[in-house]
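Work through the exercises below with the sequence and the 3D structure open. Try each task before reading its solution.

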Amino acid sequence: MITTLGFVMMLGIIALILLKRLTPVVAFALVPVAASLLAGFTPAETGGFIKDGLTAVAPTATLFIFAILYFGIMRERGMFDPLVNFLIERTRGEPLRVAIVTVLVAAIAHLDGVGAATFLLTIPAFLPLYQRLNMSPLILLCLVGLSAGVINMVPWGGPTARAAATAGVDASELWLPLIPLQALGIVLLLGLASYFGIKAQRHNRANGHGQAGNGGDMSAYLLPPRETALPISDWRYWANVALTLIILLILFTGAFPLYASFMVGLGIALLLNYPRPEAQGKELARHANDALQMALVMLAAGILLGILAGAGMSEGMAGALIELLPAGSASVLHLIVGFFGVPLGMLFSPDAYYFALMPIVRDIATAAGVPVDAVARAMLIGENTGFSISPVVPSVYLAIGLAGVELREHLKFTFLWAWGIGIILLAFAWLIGAIGG
């Protein structure tokens, strides 16, 4: 009965989320509790399952909240703007340089892990330049989206935070073996950008189009000054840079828990940039929506994960599916799902993918001897790479709106590039042992 109820619960949650009958927070909070009570567990026992689940996801949810707040402040203070403008100036209005710099700027802009913020920063800045150079906005969308997808594997990014919570491992532990993949991903995207740029230059020459800018003057295409940004001559700007570098150093060395690093870092950043308590409260409120929206889903998912484990549903479902799978396939199931990560990410919302589909794959693969972190990384790679072409990701509609293109055109142009890069990264992860092998 427990196993059957587990399948019904998981399929019900997936259906309710995909059909938009319930929000993920409501689905994760209510359906598992109802299933636990129907299975005959008492409210006290169900409460114990929930407590265990919340305990498991709390560090990751905390990391997400404080990291998003921290990077929100850094973005408002213009920490990345001088570097972005420097790169734009280096393009000199040449399509090849513009395409390459698009990848670099998108990668830098997405270090905060917020897709909407990345699209808002990069697309309006580059779109006029693309138009002047007769370059398709589909190229801009493709390069920005895929670059953001590769960087999206950072531990404070939404997908990695979800995967870490479901796998029950530290987000930074999950991420560190993926750094070589991110480096390879950027190299692949620079190659793709070079292909697009050379093709555009040849097209422009054939049609007699010149470069943008006036004698290399790119001032018209630079990011407009932010009212809240610090000038590069202000000592606080460099203090923000130093603070961020220290946090990243701690991340690489593991000298201090990552969520605690961002908690302390946020406190220092607020005191440094907004000494008055009123200004600190206003700044926190400005970024609270981005930080809390995902954290609420993650905490609600803790209820689902706790009941799945505590009630024995995960174990029962994994055992039932292992019996149905061909002999030996359980040990490579995570690789199969990872291979189809891009198309699956277009069908499942990130919450359904990581909190409903991943627990089943996790339990089947781990029962066959696959490490849980390998399962999480395999499922992360493809879904991350293709997040910018998923119709169930809200920020995608922001991106296509800013670029002025239709979703159908964007999917047709970008899908195969996204899936191809995702497969290459998955194969590389297997070769270096990040996902087993």
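Ground rules. This is a predicted model, where local features need pLDDT of at least 70, side-chain atom pairs count only at pLDDT 80 or more, and totals for chains, interfaces and linings use all residues. Residues are numbered from 1 along each chain as its sequence is written, and side-chain values use heavy atoms, with hydrogens and water left out.

**Exercise 1. Place T46 and list its surroundings.**

Solution.
- Step 1: find the element. T46 sits in helix α3, residues 43–76. Helices are DSSP runs of H or I with at least four residues, numbered from the N terminus.
- Step 2: check burial. T46 is buried because its relative accessibility is 3%. The cut-offs are under 20% relative accessible area for buried, over 50% for exposed, and partly exposed in between, with a 1.4 Å probe and protein chains only.
- Step 3: list contacts, meaning heavy atoms within 4.5 Å. Beyond neighbours within four places in sequence, T46 is in contact with V33, S36, L37, F41 and I307.
- Step 4: look for a polar partner. The T46 side chain makes a polar contact with the side chain of S36 at 2.8 Å. Such a contact is a pair of N or O atoms within 3.5 Å; within protein, one must be able to donate a hydrogen and the other to accept it, and residues adjacent in sequence count only if both atoms are side-chain atoms.

**Exercise 2. Describe the largest nonpolar core.**

Solution.
- Step 1: set the rule. A nonpolar core is a set of buried Ala, Val, Leu, Ile, Met, Phe, Trp, Tyr and Cys residues joined through side-chain atoms within 4.5 Å.
- Step 2: count. The largest core has 157 residues. α3 gives the most to this core, with 14 residues.
- Step 3: find the hubs. F28, F126, L143, F262, M313, F355 and I381 have the most contacts inside the core.
- Step 4: inspect one hub. Leaving out residues up to four places away in sequence, F262 touches L63, F66, A67, Y70, F71, W156 and I247.

**Exercise 3. Which residues have a positive phi without being glycine?**

Solution.
- Step 1: take K20. Its phi is near 60°. K20 lies in the loop between α1 (2–18) and α2. K20 is exposed, because its relative accessibility is 75%.
- Step 2: take N134. Its phi is about 60°. N134 belongs to the loop between α6 (115–132) and α7 (137–151). N134 is partly exposed, because its relative accessibility is 40%.

**Exercise 4. Analyse the salt bridges.**

Solution.
- Step 1: apply the rule. A salt bridge is a side-chain nitrogen of Lys or Arg within 4 Å of a carboxyl oxygen of Asp or Glu. The count comes to 11.
- Step 2: take a pair from distant parts of the chain. R226 and D81 meet at 2.7 Å, N to O. R226 is in the loop between α10 (179–206) and α11 (235–253), D81 is in helix α4 (residues 81–90), and 145 residues separate them. R226 is partly exposed at 26%, whereas D81 is buried at 9%.
- Step 3: take a pair within one helix. D373 and R377 meet at 3.3 Å, N to O. Both lie in helix α18 (residues 372–385), four residues apart, about one turn of the helix. Both are buried.
- Step 4: look for shared partners. E76, E283 and R286 are joined into one network.

Methods:
Helix = DSSP H or I, 4+ residues; strand = E, 2+ residues; numbered from the N terminus.
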